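Hi,

Here is the structure I promised to pass on. Have a look at it first, and my notes on what turned up come right after.

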Amino acid sequence: SISAEETFETDLREPARLHAQLLALADRATARLRRAGLDAGLVSVKIRRADFRTFSRQLPLRPPGTDSGVINRAAQGLLTAWLRDHPGAAIRLLGISLSDLGKSAQIDLVSALESTPAAPIDPVADQIRERFGDRAIFRAGSSVSADGGERHKSLELSVRHRPRQPS
């Protein structure tokens with residue numbers, strides 16, 4: 001499996017912050033998935049409460065794939081359902097795992113037509129992260145950081161500006 005998780009210094013209760021964190025984790029995990037040249041057939045979300053009780057929810061992906069948008073929507077749906085059953089829970093750790101892995105298969109025409117238009121962004125975002133680090137670019141949906149700070153909101157992908165160093 002390929003996974004990404006985050007343990008929070010302060011327990012999170014706000015759904016918007018939890019969803020923003022999960023989006024960032026999904027991006028990190030799908031970038032690793034694409035780097036490995038694999039498709040995922042199962043998305044799992046790991047949730048650990050402040051009392052250290054751990055929950056896991058999973059959803060199969062049919063067909064398997066690497067699309068960040070598809071994987072993120074699956075993970076967000078799992079988190080939303082869990083939060084509905086556990087309103088106001090204090091969350092200590094959040095994670096995503098991609099499993100049921102296989103080599104990227106031949107493209108299914110129907111799936112290709114149904115995939116999100118943002119999919120071509122994924123390889124470009126991966127290259128930017130490889131060159132400038134994981135925090136150089138993030139999805140606009142992850143505009144609320146774990147500490148509650150706001151990030152840029154107006155673009156599908158936002159790039160943090162770093163001034164050029166004099167030569």
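One thing before anything else: this is a predicted model. Here's what I found, starting with the overall layout.

The protein has four helices and seven strands. If you walk along the sequence, they come in the pattern β-α-β-β-α-β-β-α-α-β-β. Of its 167 residues, 43% count as buried. Residues 24 or more positions apart make up 70% of the contacts that have a separation of 6 or more. As for the outside, about 9700 Å² is exposed, with carbon and sulfur atoms supplying 53% of that.

Now the strands. A good place to start is β4, which covers residues 91–99. Eight of the nine residues in β4 are buried. On one hand, β4 pairs with β1 (residues 2–12) in the antiparallel sense, over seven bridges; Ile2, for instance, has Leu98 of β4 as its bridge partner. On the other hand, β4 also runs antiparallel to β2, and eight bridges join those two. If you want a spot to click on there, Val45 stands opposite Ile96 of β4.

Next, the helix α1, which takes in residues 15–35. Its 21 residues reach 30 Å from the first C-alpha to the last, close to the 30 Å expected at 1.5 Å a residue. Mostly it is covered, with 15 of the 21 residues buried. Just past the end of α1 you'll come to Gly37, which takes a positive phi of about 70°.

What about the inside? In soluble globular proteins, nonpolar side chains tend to be buried together. Here, the largest nonpolar core has 29 residues, and the ones with the most contacts inside it are Val43, Ile47, Leu94, Ile96 and Leu98. The elements that each give two or more residues to this core are β1, α1, β2, β3 (54–65), α2 (68–85) and β4. The largest share, seven residues, comes from α2. Val43 is worth a click: leaving aside residues up to four places away in sequence, Val43 touches Arg57, Gln58, Leu59, Leu61, Ile71, Ala74, Ala75, Leu78, Ile96, Ser97 and Leu98.

Two polar residues also caught my eye.

The first topic is Ser68, which lies in helix α2. Is Ser68 buried or exposed? Its relative accessibility is 1%, so Ser68 counts as buried. The side chain of Ser68 makes a polar contact with the side chain of Arg34, at 3.2 Å. Ser68 and Asp27 are 41 residues apart along the chain, yet their C-alpha atoms are separated by 6.2 Å.

Then there is Arg49, found in strand β2, which spans residues 38–49. Arg49 counts as buried because its relative accessibility is 19%, and the cut-off for buried is under 20%. Which residues does Arg49 touch, not counting those up to four places away in sequence? They are Phe55, Trp82, His86, Ala89, Ala90, Ile91 and Arg92.

If you're opening the model with only a few minutes to spare, I'd go to β4 and its bridges to β1 and β2, then to Val43 in the core, and finish with the contact between Ser68 and Arg34.

Cheers

How values were computed
Residues numbered from 1 in each chain as written. Predicted model: local features only at pLDDT ≥ 70, side-chain atom pairs only at ≥ 80, totals over all residues. Heavy atoms only, no water. Buried < 20%, exposed > 50% of the residue type's maximum accessible area, 1.4 Å probe, protein only. Contact = heavy atoms within 4.5 Å. Expected span 1.5 Å × (residues − 1). Pairing = 2+ DSSP bridges. Core = buried A, V, L, I, M, F, W, Y, C linked by side-chain atoms within 4.5 Å. Polar contact = N/O pair within 3.5 Å; in protein donor to acceptor, adjacent residues only side chain to side chain. Areas by Shrake-Rupley, 256 points an atom, 1.4 Å probe, with all protein chains shown as cover.
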